[in-house]
Amino acid sequence: MNLARIYRALLLAGFQQAAQYRIQSLLWMLFAIIRPVIFLAAWVAVAAAQGGDIGGYKVGDFAAYFVCMTFVSQLTMAWNSHEFEWEVNQGRLSAKLLRPLHPLHYSVVENLVFKLNTLPVLVVVLILISISFGAIYRTQPWHVIAFIPSVLLAAALLFTFNWVIASLAFWATRMRTANTLFQRASFVFAGQIAPIGLMPGWLQALSYALPFWYMMGAPTEILRGGVTVEQLPLILAGQAAWLVVTLFAFSWIWRRGVRAYSAVGA
Amino acid sequence: MRKTQTPASGSATLTSPMSDRVVEVSGLRKIYKVHERQSGLGATVRSLVKRTFKEVQAVAGIDFAIERGEVVGFLGPNGAGKTTTLKMLSGLLYPTSGTATVLGYTPWDRRDEYLRRMTLLMGNRTQLVWDIPAADSFLVLKEIFRIDDKSYQRRFDDLVELLELQPLIHKPVRQLSLGERMKVEFAAGLLHAPEVVFLDEPTLGLDVSMQVRIRGFVRELNKRTGATVLLTSHYMDDIVALCKRVIVIHHGKLLYDGGLADLAERMAPYKLVAATLRDGAADADLSKYGEIVSRDAGRVTLRVPRAQAADQTARIVGELGPDLADLTLEDPAIEEVIDRVFSGDHPFGTPEREPVAAR
């Protein structure tokens, strides 16, 4: 397969490049897990103060939820939209557009390289946090198996969604607003602030309808064992459905975006 | 395909190689919409409510065709539309109207098969990964452009030899100087042996010796691979060294398309007569033969209408004979010709008028 050969070559170059930024990558990863750890500490404290139980979540459940959430958000993270605006406005996208390979592939590889590079340290850090906060996992072996497709779907969905937002840079010189909006929405609806199960009914319903929970919350709940066998197919279907919708949206917006691209600067 | 056939050559036209047009451009136009905003707080606030756009016509409908293997110079001042045209031909930009085909493809469809057969090299552009050696970036390009191992090794060796890349290829790109990087960029853009090469300011910012080497390289590339080259440059030396044919555009319109040699004739309807006078006659008045451009000791340069150049030269020889140490008749420097056209003081297209008198 030709694409496989391209990926092998890109990954090789990517790892070689990343080797020079190893420390930087690790620091970036550690900074990124500060926020969920703060939420973890806060909820654990609140739960303990309330007698160890909030809406069915015990102290250990909160700890497990936020450890899993941290793990998932690291695995599904996508940051292309930050760089893309710069690439478009500086005309740096041109070089990529002149090659017979969709620019998306370069950022898939960049994404993989970063995650694979930081994964070992991330796992160690999360095990330590898990132990020190006394996390209780309700995970069955099938949860672990189900987690794999779920986290892959989530990563693909978040990545594609990020590209949809990035593509706005073709029209707006500053698409940061859209990005911020997305961050805020996913903060609430993806379950980063609190497990969706603790939210008021209408907010819960909204979260299940919107795409954000399927980017982070879904695999998190599966990994901590907070999902029943009956719920699983629905969750995976929701993830797949949103991925399909997002892929269509991306291909639509991208085609128009490239037409609008003015290849400024160079 | 041209359908016109004369009876005599009727059967021959079917089999004989048709004119092999690699690039065909017709009525190509590009209008940019530019968001207009005055400076100042008030204007900024207003622009939030109502955005005003100004239309800027970068390319105003141009037509030309390029045959396989030609090296064509694309001339024009800044903002003439050269780069915009190259970007359209390489598929980066969609035109506002008009058509273009390159190698039979519509460039802005950006088909993979097309991208694999052409390249756009820009002097101020970088396509290599800065943190790793170019040789490693090349391996990525090899896969992206689907170059087989044998061809890759051959081209790699060729490019390394021609561009003298051996000492550069294994250093991280960011450690290279501008000129060195440019050479490596060139190699990167040519690994897939493109049949059409668009070069935008390939020597920009390079020192003279590096410019000369890049020129030599482009010439060699054309000779070895038969690649069709369309080249823009600010440096007339690039054009003179490489291109027999030039296309001149100005304000997005095509001003001239033809031989470089004829350009001077069409655009500068005068010649320069330089007479060197012997010591005794250094003060002789030559103004009756033409407009005196410069006078330096015994050497006088005259601008003479092209049509009269031969006669006037003969007159000078006849009348000043013994006082002449030397006499030359030449075309004005190409830079000067181009400069006159672009500065707008030349009535282009009417060489029969007498610009000497008009000045």
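Here is a short tour of a predicted model, with stops in chain A and chain B.

**Stop one: where the chains meet.** Show chains A and B together. At their meeting point, 25 residues of chain B are in contact with 20 residues of chain A. On the chain B side, select helix H4 (112–115), strand S5 (118–122) and helix H5 (134–144); each of these supplies at least two residues to the side that touches chain A. If you want to colour just one, pick H5(B), which gives the most to that side, with six residues. Now colour the chain B side by residue class: you should get 13 nonpolar, four polar and eight charged residues.

**Stop two: strand S5 of chain B.** Stay with S5(B), and turn on its side chains. B:Met118, B:Leu120 and B:Met122 point one way, while B:Thr119 and B:Leu121 point the other way. Is this strand buried or exposed? Five of the five residues of S5(B) are buried, so the strand is largely enclosed by the rest of the structure. Next, add strand S6 (residues 196–200) of chain B: it runs parallel to S5(B), and five bridges join the two. For one of these pairings, click B:Met122, whose bridge partner in S6(B) is B:Asp200.

**Stop three: a helix pair in chain A.** Hide chain B and select helix H8 (residues 141–167) and helix H12 (residues 231–260) of chain A. They pack at an angle of about 25 degrees, with their axes 8 Å apart. Angles under 35 degrees count as roughly parallel, so H8(A) and H12(A) are roughly parallel to each other. Their crossing is left-handed. Colour the contact of H8(A) with H12(A) by class, and you'll find 20 nonpolar, six polar and no charged residues.

Note on methods
Residues are numbered from 1 along each chain as its sequence is written. Chains are lettered from A and ligands numbered from 1 in the order in which they are written. This is a predicted model: local features need pLDDT of at least 70, side-chain atom pairs count only at pLDDT 80 or more; totals for chains, interfaces and linings use all residues. Two residues are in contact if their C-beta atoms, placed from the backbone, lie within 7 Å. Helices (H or I, at least four residues) and strands (E, at least two) are DSSP runs, numbered from the N terminus. Ala, Val, Leu, Ile, Met, Phe, Trp, Tyr, Cys and Pro count as nonpolar, Asp, Glu, Lys and Arg as charged, and the others, Gly among them, as polar. A residue is buried if 20 or more other C-beta atoms lie within 10 Å of its own, exposed if 12 or fewer, and partly exposed in between; C-beta atoms are placed from the backbone. Two strands pair if DSSP finds at least two bridges between them. Axes are lines fitted to C-alpha atoms, for helices over the stretch in contact, and angles run from 0 to 180 degrees between N-to-C directions. Angles under 35 degrees count as roughly parallel, over 145 as roughly antiparallel, 65 to 115 as roughly perpendicular and the rest as oblique. A crossing is left-handed if the near helix is turned anticlockwise from the far one by less than a right angle, and right-handed if clockwise.
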